[in-house]
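Please look through the sequence and the model shown here. The paragraphs that follow go from one part of the structure to the next.

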Amino acid sequence: MTTTPRSAVRRLLGGLTATLAAATLVGAAPATAAPAPAAPAGTRFYVPEPNPDAVEQVADLRADGRRTEANLIQKVLDTPTAVWVEDGTPREVQRSVQRTMRDAAAQRAVPVLVLYNIPFRDCAQYSAGGATSVEEYEAWVDAVARGIGGREAVVAVEPDGLGIIPWYTTLDGQQDWCQPAEADAQTAAAERFRMLNHAVDQLTALPRTKVYLDGTHDGWLGVGEITDRLVKAGVERADGFFVNASNYRWTDRLVRYGRWISQCAYLVERRDVDPRTCASQYYPADPSDVSTWDRTDAAYEAAYEAAGLSMRPRQMAHFIVDTSRNGQGPWTPPAGAFPDPQDWCNPPGRGVGLRPTTRTGDPLVDAYVWIKVPGESDGQCSRGTGTGNDVVDPVWRQVDPAAGQWFRRQAVELVRLAVPSLRGDQG
């Protein structure tokens, strides 16, 4: 499983919207259909079978007399988390998804499925893998759709699928950093959008499935850049997008970031505006000073007034937020301590965040969900100190478990530092 952002991406795109104003957010084109309404408040999400290594850790902690820590980790294992659907033949994935849907039905719960099999996923880095061709991926998605069938599901389509696109040219004309030699530089980006549009069309055709595309997070792509990619991927036909997949950003900032994306996308779709003119966390706001973010709020209010539009959340793209590990917000590495701090990769001192719920209090936020399973590793982090599978992470002073494997030491920190605390009642 992946937990980007990549520092190279932030350097390349961090200032993307810094020279763009919101005053020209006016145009002239009619709009497309509105997304489906949100799931009913109080929706119960599915609790999958826990990671076997996590179960073993709980038993070991109890045997060692560390009952408090054991109980806290057990609470995490009893909390609804997403089921990652990766790899496999169409027949295998259809059967796997069908099993999940049956298990969820037995719990009278709604599963959150994460599709993670697109070619060149994670740009062949920590979570490398995926289908080997457009045709293979589309057949795989079709099988996922058959596995879901008429049952209710929430589907997060391809974390990093829009944040990391092979051989992609950004809105400001720069060549993105992901340039795998195995990919065709002339067709790879267009194929990525073709596959995501196919996924949207196949999954939204199901009667009770809600579909969300990758919206990255507030420390990564500017609002205009990610909005442009979402529109190209078919967000107007989906239910919306997800933010913060497998990351550690502050929930309140993610909600504002998601709201701005929804507002930008609405203007693009309803008035055919240039997404490069959308206000963002980089301009007129300052990303390092949240007190300036009201400037971007005000820019959208002015843009909507100038465009003759009102902000109607039911007609905008909604979004879901991964709150699994953002209770303590992002990690700030010590200045100059590491060649590449990799603040997204198994950072220390983090905590479990808000528990999954559809009671968000925000009309654009359909749900808080746990896309990442707290306690599963982000990968074998090196902080820029070397390469290979045996490099010691200088933060943890050990070789970290591979992506998706259980990381005992981090699991203990995450439950100890949870916000809200796991020691009280769930919620």
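In this predicted model, helix α2, which covers residues 52-63, packs with α10 at an angle of about 70°, and the axes of the two helices are 11 Å apart. Angles from 65 to 115 degrees count as roughly perpendicular, and α2 and α10 are therefore roughly perpendicular to each other. On the α2 side the residues that meet α10 are D53, E56, Q57 and D60, and on the α10 side they are R408, A411 and V412. Sorted by class, this contact of α2 with α10 consists of 4 charged residues, 2 nonpolar residues and 1 polar residue.

Helix α10 also has a contact with α3. Here α3 spans residues 67-77 and α10 spans residues 408-416; their axes come within 9 Å and cross at roughly 85°. That crossing angle makes α3 roughly perpendicular to α10. From α3 the contact takes in E69, L72, I73 and V76, while α10 contributes A411, V412, V415 and R416. What classes do the residues in the contact of α3 with α10 fall into? There are 6 nonpolar and 2 charged residues, and no polar ones. A411 and V412 of α10 appear in the contact with α2 and also in the contact with α3.

The next topic is the largest pocket. Its volume is about 400 Å³. The lining of this pocket is made of 18 residues, and those closest to the pocket centre are E49, P50, N51, V373 and E376. Helix α3 takes part here too: α3 and β1, the strand at 83-85, each supply at least two residues of the lining. By class, the lining of the largest pocket divides into 11 nonpolar, 4 polar and 3 charged residues.

The covalent links come next. A disulfide is a covalent bond between the sulfur atoms of two cysteines. The structure holds 3 disulfides, and one of them joins C123 and C178, with the sulfur atoms 2.0 Å apart. The link of C123 and C178 is right-handed, with 100° about the S-S bond. Where do the two cysteines lie? C123 is in the loop between β2 (112-115) and α5 (134-148), and C178 is in the loop between β3 (153-157) and α6 (188-204), so the disulfide ties together parts that are 55 residues apart in sequence.

The loop between β3 and α6 that holds C178 is also the place of E158. E158 is not a glycine, yet its phi is positive, at about 55°.

Two peptide bonds can be noted last. Y283 and P284 are joined by a cis peptide bond, with omega about 0°. P284 sits in the loop between α8 (251-271) and α9 (294-307). Another cis peptide bond joins V419 and P420, and omega is about 0° there as well. P420 belongs to the segment after α10, the helix whose contacts with α2 and α3 were described above.

Conventions:
Residues are numbered from 1 along each chain as its sequence is written. This is a predicted model: local features need pLDDT of at least 70, side-chain atom pairs count only at pLDDT 80 or more; totals for chains, interfaces and linings use all residues. Side-chain values use heavy atoms; hydrogens and water are left out. Axes are lines fitted to C-alpha atoms, for helices over the stretch in contact, and angles run from 0 to 180 degrees between N-to-C directions. Helices (H or I, at least four residues) and strands (E, at least two) are DSSP runs, numbered from the N terminus. Angles under 35 degrees count as roughly parallel, over 145 as roughly antiparallel, 65 to 115 as roughly perpendicular and the rest as oblique. Contact means heavy atoms within 4.5 Å. Ala, Val, Leu, Ile, Met, Phe, Trp, Tyr, Cys and Pro count as nonpolar, Asp, Glu, Lys and Arg as charged, and the others, Gly among them, as polar. On a 1 Å grid over the protein atoms alone, a cavity is a set of points where a 1.4 Å probe fits but cannot get out, and a pocket is an open set with protein on both sides within 12 Å along at least five of seven lines; lining residues have an atom within 4 Å of a point. Grid points are joined across faces, edges and corners, and a volume is the space filled by probe spheres set on the points. A disulfide is a pair of cysteine sulfur atoms within 2.5 Å.
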